[in-house]
Amino acid sequence: MGKHFILLLALLCGTTFGYGQTEALLEAKALFDKGEYIEAKNKYSSESILEDEKPYAAARIAVCNQCIKLHARADYLFSEKETQKALAKYQEILAVNPKDPLAKERINILQPPPDKTNSEPASKMSEVSVLPQYPGGNQKFIEYIMSRMGGVKVKDEPLRMQFKFVIEKDGRIGDIEILKDGDNPVVAGRVVRALVNSPKWNPGMKNGKPVRVSFVLPVTIAVPGK
């Protein structure tokens, strides 16, 4: 992972380096948003991309390649009925491209949204008598999340992200939302995947009964030596 990887992440998640997006870039983005990654790659590599846009376009091509690879794996797992593994991959795709229509469709199949008319709302942490807890405690949960980061390092500024999720009555994690991705959807996707695959928690308790509890998780990856 060295500085070249971090620079690549900055390109993947950065802006267009100060210039406005031209028609070619907008067309490529529209294709990307629709999940048409091969077509988006072709547009990003077309002759209509201006010279000073090429570094950004090259970074977006890398993102397209990542999504193509993730989809290939997710679709295979889906076909093999590997529900949880496929769900984690599709969640990772949505962290990179929240508009991906196929990933959204497959997630709804694998994990249908609860019937809001029948499901009880999640309690706040301040509303429960016993807080939900990861097996072994908060420090073990932090260690679990960081162990799934794949050795990501940051160079200049800390990477600050924030996630919201619900700890269900049976201890599963559900309703995952990315509140802040730190302008780094690739790394945020790894956190989402870790949450999807998390061991079950000890659920929160209210009036002696397990309840759904809403949880906000800040994740900060510090600059080494600071």
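**Exercise 1. Find which strand pairs with β1 through five bridges, and give the direction of the pairing.**

Step 1. Start at strand β1 in this predicted model. Five bridges connect β1 to strand β2, residues 173–180.
Step 2. Read the direction. β1 and β2 run antiparallel.
Step 3. Pick a facing pair. Phe163 lies opposite Ile178 of β2.
Step 4. Look at the turn. The β1–β2 hairpin has five residues between its strands. There, Gly171 adopts a positive phi near 95 degrees.

**Exercise 2. Find how many bridges join β1 to β5, and name the β5 partner of Ile167.**

Step 1. Locate the strands. β1 covers residues 159–167, and β5 covers residues 213–221.
Step 2. Count the bridges. Nine join β1 to β5, and the two strands run antiparallel.
Step 3. Name the partner. Ile167 is bridged to Val213 in β5.
Step 4. Combine the pairings. β1 is joined to β5 and also to β2.

**Exercise 3. Place the strands in the order of elements along the protein.**

Step 1. Take the totals. The protein has eight helices and five strands.
Step 2. Walk from the N terminus. The order is α-α-α-α-α-α-α-β-β-α-β-β-β.
Step 3. Check the contacts. Take those between residues at least 6 apart in sequence: 70% of them join residues at least 24 apart.

**Exercise 4. Decide whether Lys89 is buried or exposed, and list its contacts.**

Step 1. Find the residue. Lys89 sits in helix α5, residues 83–96.
Step 2. Apply the cut-off. Buried means under 20% relative accessible area. Lys89 has 18% relative accessibility, so Lys89 counts as buried.
Step 3. List the contacts, setting aside neighbours within four places in sequence. Lys89 touches Leu70, Arg73, Ala74, Leu77 and Arg193.
Step 4. Set Lys89 against the whole. Of the protein's 226 residues, 41% count as buried.
Step 5. Turn to the surface. The protein exposes about 12,600 Å², with 54% supplied by carbon and sulfur atoms.

**Exercise 5. Find where confidence is lowest and where it is highest.**

Step 1. Take the overall level. The mean pLDDT is 83, and 85% of residues reach 70 or more.
Step 2. Find the extremes. Helix α1, residues 3–13, is lowest, with a mean of 37. Strand β3, residues 204–206, is highest, at 95.
Step 3. Inspect the start of the chain. Residues 1–19 have pLDDT below 50. This stretch still shows 37 contacts in the model beyond near neighbours in sequence.
Step 4. Draw the caution. Predicted coordinates should not be read in detail where pLDDT is low.

Methods. Residues numbered from 1 in each chain as written. Predicted model: local features only at pLDDT ≥ 70, side-chain atom pairs only at ≥ 80, totals over all residues. Heavy atoms only, no water. Helix = DSSP H or I, 4+ residues; strand = E, 2+ residues; numbered from the N terminus. Buried < 20%, exposed > 50% of the residue type's maximum accessible area, 1.4 Å probe, protein only. Contact = heavy atoms within 4.5 Å. Areas by Shrake-Rupley, 256 points an atom, 1.4 Å probe, with all protein chains shown as cover. Pairing = 2+ DSSP bridges. pLDDT = per-residue confidence, 0-100.
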